[in-house]
Amino acid sequence: MTKPATRLPPRDNDRQTRDAVQFRPARRDDLRACREVWRESLNDYMGRVNEPLIPIEAESITRLHEHLLSTDPDRFVVATRPAVDGGEGGERIVGFTSAVRRGDLWFLSMLFIRPDEQGAGLGRALLARILPTDGAVLATATDTAQPISNALYASLGMVPRMPVFSVIGRPARHGFEPLPSGVVAQALGIGAYDREAAVAAIVDAIDRELLGFIRPRDHGLMGLEGREGFLYRRPDGAVVGYGFASQAGRVGPVAARDEAMLAPILGHLLDAVEPHGASAVWVAGAAGGPLVQLLRAGFRLEGFPVLLCWSRPFADFSRYLPISPGLL
């Protein structure tokens with residue numbers, strides 16, 4: 001197999017962008033501006049395709065940005081221009097990018113440019129500053145309705161391979177198979193991964209099997225977001241999977257050693273953690289069983305699918321439901 005390129009070919013407009021824009025590592029006090037760039041960029045095209053706009057307040061994205069900066073500070077870079085109005089620091093953030101490294105996987109979590117700065121190679125210039133050069137697996141999740149971004153990622157080997165659906169709702173009718181006879185759910189509460197070494201060891205072993213890497217600090221984020229954890233055990237005590245869900249409605253990650261267990265585990269989580277409103281689940285196309293059962297239970301697809309892109313296969317998404325498109 002040909003190794004995908006990890007260096008971007010130079011372009012004239014890239015050079016012009018570098019001359020006009022400064023690049024530097026992100027700081028904590030940049031995150032509010034990064035949230036604004038994220039929102040402006042998404043709303044710019046969502047409005048054009050008649051999708052609901054993102055509200056000004058989005059605490060979940062701020063938590064994610066804080067997490068990305070804390071775990072991978074060298075892979076969080078902002079692009080700035082001098083502030084026209086002489087604002088704080090004398091600069092204006094016009095774009096940013098962030099990636100995480102988990103084992104052999106390099107995952108692009110964020111790449112956003114303000115709408116009035118797009119089309120000049122700024123995204124390409126940002127990417128060039130964080131791409132790995134050691135043969136890592138490259139991956140990202142990108143919006144279906146972004147052909148320019150999708151082409152850029154594919155040129156680096158991150159080819160769109162699989163849709164991921166945002167599924168929203170609550171079970172309004174029977175649709176989920178129950179847990180198999182003898183399989184019991186062990187409630188862990190919130191933050192058990194960080195509190196209990198035995199729990200962390202079990203979860204890490206499943207992650208290694210399904211994803212190819214462990215992610216201790218990502219599981220720590222689940223506690224900060226108030227996601228309650230469960231282990232699922234057979235009568236002999238063997239753990240067959242785990243899952244997280246919160247009263248805010250967010251469900252995931254969910255992992256099962258046996259593909260047939262993924263939907264029953266998801267069904268249990270939806271019943272065990274009653275949200276204040278709707279539940280929200282990200283489901284990859286490979287996880288057909290859970291998707292079918294969610295739709296039969298009255299859930300709906302929300303918005304366009306996201307596209308999972310990668311340079312080489314790295315995870316079994318028939319047995320795994322991700323945290324979000326920004327973290328997997």
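Where is the place of Leu-328 relative to β14? Here is that answer, with some other notes for a first look; keep in mind that this is a predicted model.

1. Leu-328 sits in the segment after β14. Its phi is near 60 degrees, a positive value in a residue other than glycine. That deserves a second look, because most residues other than glycine have a negative phi. Leu-328 counts as buried, since its relative accessibility is 6% and the cut-off is under 20%.

2. There is another backbone oddity to check: the peptide bond from Gly-252 to Pro-253 is cis, with omega near 0 degrees. Most peptide bonds are trans. Pro-253 belongs to strand β10, which covers residues 250-256.

3. Gly-252 also leads us to Arg-227, as the backbone oxygen of Gly-252 lies 2.6 Å from a polar atom of the Arg-227 side chain. You'll find Arg-227 in strand β8, residues 227-233. With 4% relative accessibility, Arg-227 counts as buried. What does its side chain make a polar contact with, among side chains? One partner is the side chain of Glu-225, at 2.8 Å. Leaving out residues up to four places away in sequence, Arg-227 touches several others, including Gly-189, Met-222, Phe-244, Gly-252, Pro-253 and Ile-323.

4. Phe-244, one of those neighbours of Arg-227, has a ring partner too. The structure holds eight aromatic pairs. In one of them, the rings of Tyr-242 and Phe-244 have centres 5.8 Å apart and planes at 70 degrees, so the pair is edge-to-face. Tyr-242 is buried at 1% relative accessibility, and Phe-244 is buried at 9%. Elsewhere, Trp-310, Phe-314, Phe-317 and Tyr-320 form one aromatic cluster.

5. Two members of that cluster come up again in the largest nonpolar core: of its 55 residues, Phe-96, Phe-314 and Phe-317 touch the most other members. Which helix gives the most to this core? That is α2, with eight residues. A second, separate core has 27 residues, among them Val-254, Leu-269, Ala-297 and Phe-299. As background, nonpolar side chains in soluble globular proteins tend to be buried together.

6. Phe-96 is worth clicking on. Not counting residues up to four places away in sequence, its contacts include Cys-34, Val-37, Trp-38, His-65, Phe-76, Met-110 and Leu-126. Cys-34 has 0% relative accessibility and therefore counts as buried. Cys-309 is buried as well, at 1%. How many disulfides does a search of the whole structure find? The count is zero.

7. His-65, another contact of Phe-96, is one of the buried residues of α3, along with Ile-61, Leu-64, His-67, Leu-68, Leu-69 and Thr-71. What covers the buried residues of α3 includes helices α2 (31-48) and α8 (216-224), plus strands β2 (76-82), β3 (91-102) and β4 (105-113). The length of α3 checks out: its 13 residues, 59-71, should span 18 Å at 1.5 Å a residue, and the end C-alpha atoms are 19 Å apart, which agrees.

8. Last stop, Ser-311, in the loop between β13 (306-310) and β14 (320-321). Is Ser-311 buried or exposed? Its relative accessible area is 8%, so Ser-311 is buried. Its C-alpha atom is separated by 7.9 Å from that of Leu-156, although the two residues are 155 apart along the chain.

Terms used. Residues are numbered from 1 along each chain as its sequence is written. This is a predicted model: local features need pLDDT of at least 70, side-chain atom pairs count only at pLDDT 80 or more; totals for chains, interfaces and linings use all residues. Side-chain values use heavy atoms; hydrogens and water are left out. Helices (H or I, at least four residues) and strands (E, at least two) are DSSP runs, numbered from the N terminus. Buried means under 20% relative accessible area, exposed over 50%, partly exposed in between (1.4 Å probe, protein chains only). A polar contact is a pair of N or O atoms within 3.5 Å; within protein, one must be able to donate a hydrogen and the other to accept it, and residues adjacent in sequence count only if both atoms are side-chain atoms. Contact means heavy atoms within 4.5 Å. The expected span of a helix is 1.5 Å times one less than its number of residues. A nonpolar core is a set of buried Ala, Val, Leu, Ile, Met, Phe, Trp, Tyr and Cys residues joined through side-chain atoms within 4.5 Å. A disulfide is a pair of cysteine sulfur atoms within 2.5 Å. Rings of Phe, Tyr and Trp (its six-membered ring) pair if their centres lie within 6.5 Å; planes under 30 degrees apart count as stacked, over 60 as edge-to-face and the rest as tilted.
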